[in-house]
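This report is written for a reader meeting the structure for the first time. Please keep the sequence and the model in view while reading the sections below.

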Amino acid sequence: MTRGDCLRHLHRLESGTARLILADPPYGIGYDSRLGERLTNDERPFIWWLHEAHRLCSSPGAIVTFCRWDVWQLWVDAVEAAGFAVRSQLVWDKISHGMGDTRRTLGPRHELAVFATKGRFSFQSGRPQSLLSIPVPRGPSS
């Protein structure tokens, strides 16, 4: 497993080796915590890794990348521009509210994810009922 800045490491990985990519990148919302902590690369949607993700993804393969409601369309456009086919929106109900802007708005209790595919992707045994049960697709040699 490789850890670190994806822009420094993704190019080192072999093409077509990931059957499922699950990512929670900076959304591009300029998040600022109550304590004044900021996320790195969160000034604008951090989409620069998606073309490398497409190269790494096998065919068939899939990507799930989290985002937030107010940058949803930008993420959809970026995922499609990288070469994936957007299939659906996943909603993660977090059960309790997030912090959000505690002075001006309600804190969201959900996050969104873009589910997209590469190649002739299909679920082997029917559509999963949750994100946790997405089966890893099998390639032609499996």
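## Terms and overall layout

Two strands are said to pair if DSSP finds at least two bridges between them, and strands themselves are DSSP runs of at least two residues in state E, numbered from the N terminus. The model discussed here is a predicted one.

The protein chain has three helices and four strands, and when these elements are read along the sequence they follow the pattern α-β-α-β-α-β-β. Of the 142 residues in the protein chain, 35% are buried, while the area that the chain exposes is about 9,600 Å², of which carbon and sulfur atoms supply 51%. Among contacts between residues at least 6 apart in sequence, 68% join residues that are at least 24 apart.

## The sheet

In what order do the four strands of the open sheet lie? The order is β1-β2-β4-β3, and the pairing within this sheet is mixed. The edge strands, each of which pairs on one side only, are β1, covering residues 18–23, and β3, covering residues 85–93. On average, and with direction ignored, neighbouring strands of the sheet are turned by 15° against each other.

Strands of a sheet pair through backbone hydrogen bonds, in either a parallel or an antiparallel sense. Here β1 and β2 pair in the parallel sense over five bridges, with L20 standing opposite A62 in β2. The chain passes from β1 through α2 to β2, and this β-α-β crossover is right-handed. On the other hand, β2 (residues 57–67) and β4 (residues 110–118) pair in the antiparallel sense over seven bridges. In β4, A116 is the bridge partner of I63, and A113 is the bridge partner of F66.

Helix α3, made up of residues 72–81, lies across β2, β3 and β4, and runs at about 15° to β4.

## The nonpolar core

The largest nonpolar core has 30 residues, and those with the most contacts inside it are W49, L50, I63, C67, W75, F84 and V114. Each of β1, α2 (50–56), β2, α3 and β4 supplies at least two residues of this core, and β2 gives the most, with six residues.

Why can β2 be described as largely enclosed by the rest of the structure? Ten of its eleven residues are buried, and β2 is therefore largely enclosed; for a residue to count as buried, its relative accessible area has to be under 20%. I63 offers a view of these surroundings, for, leaving aside its neighbours within four places in sequence, I63 is in contact with L20, I21, W49, L50, A53, F84, V114, F115 and A116.

## A loop residue

Y31 lies in the loop between β1 and α2. Is Y31 buried, partly exposed or exposed? Its relative accessibility is 35%, so Y31 counts as partly exposed, given that this class lies between the limits of 20% and 50%.

Not counting residues up to four places away in sequence, Y31 touches E37, R38, L39 and D42. The C-alpha atoms of Y31 and E43 are separated by 8.2 Å, the two residues being twelve residues apart along the chain.

Notes: Residues numbered from 1 in each chain as written. Predicted model: local features only at pLDDT ≥ 70, side-chain atom pairs only at ≥ 80, totals over all residues. Heavy atoms only, no water. Buried < 20%, exposed > 50% of the residue type's maximum accessible area, 1.4 Å probe, protein only. Contact = heavy atoms within 4.5 Å. Areas by Shrake-Rupley, 256 points an atom, 1.4 Å probe, with all protein chains shown as cover. Axes fitted to C-alpha atoms, helices over the stretch in contact; angles between N-to-C directions. Core = buried A, V, L, I, M, F, W, Y, C linked by side-chain atoms within 4.5 Å. Right-handed = clockwise from strand over helix to strand, strands pointing away.
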